[in-house]
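Me: I would like to go through a structure feature by feature. For each one, give me the general idea and then the case at hand.

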Amino acid sequence: MSYEKLASLQSTLNKMDNVVVAFSGGIDSTFLLHIARCTLGKEKVLAVTAESETFPDRELKECKELAAALDVQHEIISTSELSIPGYAANTKDRCYLCRDNLFENLKPLLEEGEYTNIVFGLIADDMGEHRPGVIAAKEHGVRGPLQEVNLYKREIRELAREAGLSNWDKPSYACLASRINYEETITIDKLKQVDQAEQTIRDLGVKQVRVRLHDDVARIEVLPEEMAILLKAHNQIHAALKEIGFSYVTLDLKGYQSGSMNLALNNQSMGV
């Protein structure tokens, strides 16, 4: 089934003829970029990565390395989510504001490079979640070819592994702002605090981690099978995160959940 979807993806890209790919370095945008490069050729594909306060330096570095390995044209643009009116207030529409700003910043590249399409790594899994960024994409005419051919994350990983992509098993990632509880003001200090806390835990050998910030509380999410690593090093983690600025450090026993901050939104909509 995945191969049929891959053929549909290639057909979709061929009809588009050329693309600017919003490239974050995650497996979804990497796979999309790889297939676009293979299908359309180097001259008709441009990868663009947005450098900002919510995107760690390590992720930007990886984007540069991946783009070089894929032999694609790659541009870095500078953006600032915190300068977007209303973004720092961290409402449920935060992601809409971010995507709207990103796609607006990508539009000039269409005229400069004679491109006609902007695409991003939207996948089939995303359609059942709170994704206000999808609304922004539709408003700007930005397409998600992976989602259009109904490719799911598990299928993308399988195809990426077969294609030899180095990050085929890279853990899912989202911008640092997604770690901060809705309605809590986003600041550069909080973004740095979360980034440092997550790096502290990654340094212990943990692959998938989120440090969710609830005022002065750090709620750590890792995969259930990796919880033992944290429990073994609990004193070390507690001391490090206290040093970073958290008053309380907790481990979420549910484990890692993509978009777990959206659960509160769901409860509010149901009157819980």
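## Reading the model

Reply: Start with confidence, since this is a predicted model. The chain has a mean pLDDT of 93, and 94% of its residues reach 70 or more.

Me: Over which residues does pLDDT stay under 50?

Reply: Where pLDDT is low, the predicted coordinates should not be read in detail. Here that applies to residues 267–272, where pLDDT stays under 50 and the model has 1 contact beyond four places in sequence.

Me: How do I read a sheet, and what is the strand order in the open sheet of 4 strands?

Reply: Strands of a sheet pair through backbone hydrogen bonds, either parallel or antiparallel. In the open sheet of 4 strands the order is 3-2-1-4, and the pairing is parallel. Strand 3 (73–78) and strand 4 (118–119) are at the edges with a single partner strand each, so one side of each has no neighbour in the sheet.

Me: Over how many bridges do strand 1 and strand 4 pair?

Reply: Strand 1 (residues 19–22) pairs with strand 4 in the parallel sense over 2 bridges. To locate the register, take V20, which stands opposite I118 in strand 4.

Me: Which helix packs on this sheet, touching strand 2 and strand 3?

Reply: That is helix 3 (residues 57–70), whose direction makes about 160° with that of strand 3. Helix 2 lies across strand 1, strand 2 (45–51) and strand 4, and runs at about 160° to strand 1.

Me: What is the strand order in the sheet of 3 strands?

Reply: This open sheet has the order 5-6-7, and its pairing is mixed. Strand 5 and strand 7 (248–251) are the edge strands, each pairing on one side only. Ignoring direction, neighbouring strands here are turned by 25° against each other on average.

Me: How many residues lie between strand 5 and strand 6 in their hairpin?

Reply: There are 2 residues between them, and D215 in the turn has a positive phi of about 60°. The two strands pair in the antiparallel sense over 6 bridges, with strand 6 covering residues 217–222. Two pairs fix the register: V209 has V222 as its bridge partner, and R212 stands opposite R219.

Me: Is strand 5 mostly covered or mostly open?

Reply: Strand 5 (residues 209–214) is mostly covered, with 5 of its 6 residues buried. Helix 8 (residues 188–202) lies across strand 5 and strand 6, at about 145° to strand 5.

Me: How do I read a helix pair, and at what angle do helix 8 and helix 10 cross?

Reply: Look at the axis distance, the angle and the handedness. The axes of helix 8 and helix 10 (residues 234–244) come within 10 Å and cross at roughly 165°. The two helices are therefore roughly antiparallel, and their crossing is right-handed. At the contact, Q193, Q196, A197 and T200 in helix 8 meet A240, L241 and I244 in helix 10.

Me: What about the crossing of helix 4 and helix 5: is it left-handed or right-handed?

Reply: The crossing of helix 4 and helix 5 is right-handed. Their axes come within 7 Å and cross at roughly 30°, which makes helix 4 roughly parallel to helix 5. Among the residues in contact are Y96, R99 and F103 of helix 4, and P132, A136 and H140 of helix 5.

Me: Which residues of helix 5 are buried?

Reply: An α-helix has 3.6 residues a turn, so residues three or four places apart point the same way. In helix 5 (residues 132–140) the buried residues are P132, G133, V134, A136, A137 and H140. Their cover includes helix 4 (94–113). Just after helix 5, G141 takes a positive phi of about 70°.

Me: Against which helices do the buried residues of helix 7 pack?

Reply: They pack against helix 1 (2–16), helix 2 (27–40) and helix 6 (145–148). In helix 7 (residues 153–162) the buried residues are K153, E155, I156, R157, L159 and A160. G164, just after helix 7, takes a positive phi of about 80°.

Me: R154 is in helix 7 too. Is R154 buried or exposed?

Reply: R154 is exposed, because its relative accessible area is 61% and the cut-off for exposed is over 50%. R154 and D169 are 15 residues apart in sequence, and their C-alpha atoms are 9.8 Å apart in space.

Definitions and conventions
Residues are numbered from 1 along each chain as its sequence is written. This is a predicted model: local features need pLDDT of at least 70, side-chain atom pairs count only at pLDDT 80 or more; totals for chains, interfaces and linings use all residues. Side-chain values use heavy atoms; hydrogens and water are left out. Buried means under 20% relative accessible area, exposed over 50%, partly exposed in between (1.4 Å probe, protein chains only). Two strands pair if DSSP finds at least two bridges between them. pLDDT is the predictor's confidence in each residue, from 0 to 100. Contact means heavy atoms within 4.5 Å. Axes are lines fitted to C-alpha atoms, for helices over the stretch in contact, and angles run from 0 to 180 degrees between N-to-C directions. Angles under 35 degrees count as roughly parallel, over 145 as roughly antiparallel, 65 to 115 as roughly perpendicular and the rest as oblique. A crossing is left-handed if the near helix is turned anticlockwise from the far one by less than a right angle, and right-handed if clockwise.
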